[in-house]
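I set out to record what I looked up in this structure, entry by entry. The topics are cysteines, aromatic rings and the surface.

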Amino acid sequence: NGAVAGDSCIGFPGDLLFGVGSSIKMRITSDGYLIKAAGRTCAFNVKGSNMSRTDTSGYIVQFNDDTSTGCFDSGNNFNTSTYKFIAPVTGIYYFFTNIRLDQYGTGYIRTAFLSTNYGTGSSYWTIPETGHVISYPTNSSGIMQVSTSTVVQLDKDDELYVWQDPSADNSYTAYLAESSFGGYLIG
């Protein structure tokens, strides 16, 4: 329970080990690198199925795939049914998203990370933690790319998800097969 000098442990000479009982949870190597126990990193990167949009109402982006090539959910904290990340511990988290929209051509679209703390009923576009961005179509190809990231403080069991709200376009596809949503615990 606590820190132990690594010199007495086989395979980790000079490392500072942190653990519970005989289970090592984290170590600081003699070179100064922080190494967490495998599988306990609370990190994810997911994608989804394409979403055809037929109205201008806001929506949770349906990232629902954490098993395809390049996807993972270390810690099993992302719910592919609700499309939400659930914080396993109170802490500071980093989140990012890249979303492809096909045939988006009218007005702008708002994209933000909404959460238990800042939902659709709030003025989320004025709150830096939401990572809010406004995107406009920039070319005639019909393909628009939206990206944002943020650092957020969450309490244990808080939920966080990607929200989009179009201003005027009611006929486009959120091409989630070529999009991503991810994040990890900073500390």
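**Entry 1: cysteines.** How many disulfides does a search of the whole structure find? I note beforehand that the model is predicted. The search returned zero disulfides. I then looked up individual cysteines. Cys42 has a relative accessible area of 8%, so I entered Cys42 as buried, the limit being under 20%. Cys71, at 14%, is likewise buried because its value falls under 20%.

**Entry 2: aromatic pairs.** I found 17 aromatic pairs in the structure. One of them joins Tyr94 and Tyr184, whose ring centres are 5.5 Å apart. Their planes meet at 45 degrees; stacked requires under 30 and edge-to-face over 60, so I recorded the pair as tilted. I next checked where the two residues sit in the chain. Tyr94 belongs to strand S12 (residues 91-102) and Tyr184 to strand S18 (residues 180-185), so that the pair links distant parts of the chain, 90 residues apart. For Tyr94 I noted a relative accessible area of 25%, which makes the residue partly exposed. Tyr184 is also partly exposed, at 39%.

**Entry 3: a second pair.** How are the rings of Tyr104 and Tyr172 arranged, edge-to-face or stacked? I entered them as edge-to-face, with 4.8 Å from centre to centre and 70 degrees between the planes. This pair, too, links distant parts of the chain, its members being 68 residues apart. Tyr104 is in the loop between S12 and strand S13 (109-115), while Tyr172 is in strand S17 (residues 172-174). I recorded both Tyr104 and Tyr172 as buried.

**Entry 4: cluster and charges over rings.** I listed one aromatic cluster formed by Phe44, Phe63, Phe78, Phe85, Tyr93, Phe95, Phe113 and Phe181. I then looked for arginines placed over rings. The charged end of Arg100 is over the ring of Tyr175, 4.2 Å from the ring centre. Arg110 lies over the face of Trp125, and here I noted 5.0 Å to the ring centre.

**Entry 5: nonpolar surface.** Which residues make the nonpolar surface patch of about 270 Å²? I found Val151, Tyr184 and Ile186. Tyr184 returns here from the tilted pair with Tyr94. I located Ile186 in the segment after S18. Its relative accessibility is 47%, so Ile186 counts as partly exposed. Patch residues need over 30% relative accessible area; Tyr184 has 39% and Ile186 has 47%.

Definitions and conventions
Residues are numbered from 1 along each chain as its sequence is written. This is a predicted model: local features need pLDDT of at least 70, side-chain atom pairs count only at pLDDT 80 or more; totals for chains, interfaces and linings use all residues. Side-chain values use heavy atoms; hydrogens and water are left out. Rings of Phe, Tyr and Trp (its six-membered ring) pair if their centres lie within 6.5 Å; planes under 30 degrees apart count as stacked, over 60 as edge-to-face and the rest as tilted. Helices (H or I, at least four residues) and strands (E, at least two) are DSSP runs, numbered from the N terminus. Buried means under 20% relative accessible area, exposed over 50%, partly exposed in between (1.4 Å probe, protein chains only). A charge sits over a ring if NZ of Lys or CZ of Arg is within 6 Å of the ring centre and within 35 degrees of the ring normal. A disulfide is a pair of cysteine sulfur atoms within 2.5 Å. Patches are made of residues with over 30% relative accessible area and no salt bridge: like charges are joined within 9 Å, nonpolar side chains (Val, Leu, Ile, Met, Phe, Trp, Tyr) within 5 Å. Accessible areas come from the Shrake-Rupley method with a 1.4 Å probe; for residues, only the protein chains shown count as cover. A salt bridge is a side-chain nitrogen of Lys or Arg within 4 Å of a carboxyl oxygen of Asp or Glu.
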